[in-house]
Amino acid sequence: MKRLRIAQKKPETEMLKQGKAENKKAKKKASKNKDSNAPKRPASAFFIFMEDFRKSFKENYPDNKSIAVAGKAGGERWKLMSDAEKAPYIKKARKKMAEYEIALEAYKKKLDGYGVDVPEDSGKSFSEVVSGKSSYEIYDEAEQDVSSQRN
């Protein structure tokens, strides 16, 4: 009876392992497709606080070189802070997020055709929208250019 149960569980565990492997591959593919020119997400309120906290921590404890200790101390301090104490960091984070959103919109417009908005459901390619010509006309012109260069 025990052998039967083990035999039944084996394929399930193999399927789970395969699923995990596929998830890892998908995550790697997604990270490879990131655009290095895209604006970077801003730091959260906590990370803005940590920038200031690390500076003061180094001044108060110059002999302590451990990053982990500074991180733990900063996390504990953040938890103990009231909302009023966190407010300046939250305000800075919101300001940076607003700037990021503006930069992201400008970046997306640049990608969409240098200020030309291409509706997703239009069925037209980028070059069709920018030039106002159909893909057949664009292809014909390119073909004529190539043939004229050969002659």
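Colleague: Starting with A87, what's its relative accessibility?

Modeller: A87 comes out at 36% relative accessibility, so it counts as partly exposed. Keep in mind that this is a predicted model.

Colleague: Sure. Which helix is A87 in?

Modeller: A87 sits in helix α4. In space, its C-alpha is 8.8 Å from the C-alpha of A45, though the two positions lie 42 residues apart in sequence.

Colleague: How many helices and strands does the chain have?

Modeller: There are 6 helices and 0 strands. Reading from the N terminus, the order is α-α-α-α-α-α.

Colleague: And how much of the chain counts as buried?

Modeller: 13% of the 151 residues. The chain exposes about 13,300 Å², with carbon and sulfur atoms supplying 54% of that area.

Colleague: What share of the contacts comes from residues 24 or more positions apart?

Modeller: If you take contacts with a separation of 6 or more, residues 24 or more positions apart account for 56% of them.

Colleague: OK, over to the core. Which residues make up the largest nonpolar core?

Modeller: It has 11 residues: A45, I48, F49, M50, F53, F57, A70, W78, M81, Y89 and A93. At least two of them come from each of α2 (45-60), α3 (67-80) and α4.

Colleague: Which helix gives the most to this core?

Modeller: That's α2, with 6 residues. As background, nonpolar side chains tend to be buried together in soluble globular proteins.

Colleague: W78 caught my eye. What is W78 in contact with, leaving aside neighbours within four places in sequence?

Modeller: W78 is in contact with A45, F46, F49, K86 and Y89. Of these partners, A45, F49 and Y89 are also listed in the largest nonpolar core, as is W78.

Colleague: A lysine in that list! Where is K86 found?

Modeller: K86 is in helix α4, which covers residues 83-111.

Colleague: Is K86 buried or exposed?

Modeller: Buried, and without a salt bridge. D83 is the nearest side chain of opposite charge, at 5.0 Å. The salt bridge rule asks for a nitrogen and a carboxyl oxygen within 4 Å, so 5.0 Å doesn't qualify.

Colleague: What else does K86 touch, beyond neighbours within four places?

Modeller: With those neighbours set aside, K86 has contacts with W78 and M81. Both W78 and M81 are members of the largest nonpolar core.

Colleague: How many salt bridges does the count come to, then?

Modeller: The count comes to 1. E85 is paired with R77, and their closest N and O atoms are 3.9 Å apart.

Colleague: How accessible are E85 and R77?

Modeller: E85 is partly exposed at a relative accessible area of 37%, and R77 is partly exposed too, at 36%.

Colleague: Switching to aromatics. How many aromatic pairs does a search of the whole structure find?

Modeller: It finds 9. One of them is F46 with F47, an edge-to-face pair with 5.4 Å centre to centre and 70° between the planes.

Colleague: And the accessibility of F46 and F47?

Modeller: F46 has a relative accessible area of 25%, so it counts as partly exposed. F47 is also partly exposed, at 48%.

Colleague: Which residues form the aromatic cluster?

Modeller: F46, F47, F49, F53, F57, Y61, W78 and Y89 form one cluster. Among them, F49, F53, F57, W78 and Y89 also appear in the largest nonpolar core.

Colleague: What about the loop between α2 and α3, which residue could we look at there?

Modeller: N64 lies in that loop. N64 is partly exposed, at 28% relative accessibility. Beyond its neighbours within four places in sequence, it contacts F57 and V69.

Colleague: Last one: where is I102 found, and is I102 buried or exposed?

Modeller: I102 is in helix α4 and is exposed, with a relative accessible area of 60%. Its C-alpha is separated by 9.9 Å from that of P39, and the two residues are 63 apart along the chain.

Note on methods: Residues numbered from 1 in each chain as written. Predicted model: local features only at pLDDT ≥ 70, side-chain atom pairs only at ≥ 80, totals over all residues. Heavy atoms only, no water. Helix = DSSP H or I, 4+ residues; strand = E, 2+ residues; numbered from the N terminus. Buried < 20%, exposed > 50% of the residue type's maximum accessible area, 1.4 Å probe, protein only. Contact = heavy atoms within 4.5 Å. Areas by Shrake-Rupley, 256 points an atom, 1.4 Å probe, with all protein chains shown as cover. Lys, Arg positive; Asp, Glu negative; His and termini not counted. Core = buried A, V, L, I, M, F, W, Y, C linked by side-chain atoms within 4.5 Å. Phe/Tyr/Trp six-rings, centres within 6.5 Å; stacked < 30°, edge-to-face > 60°.
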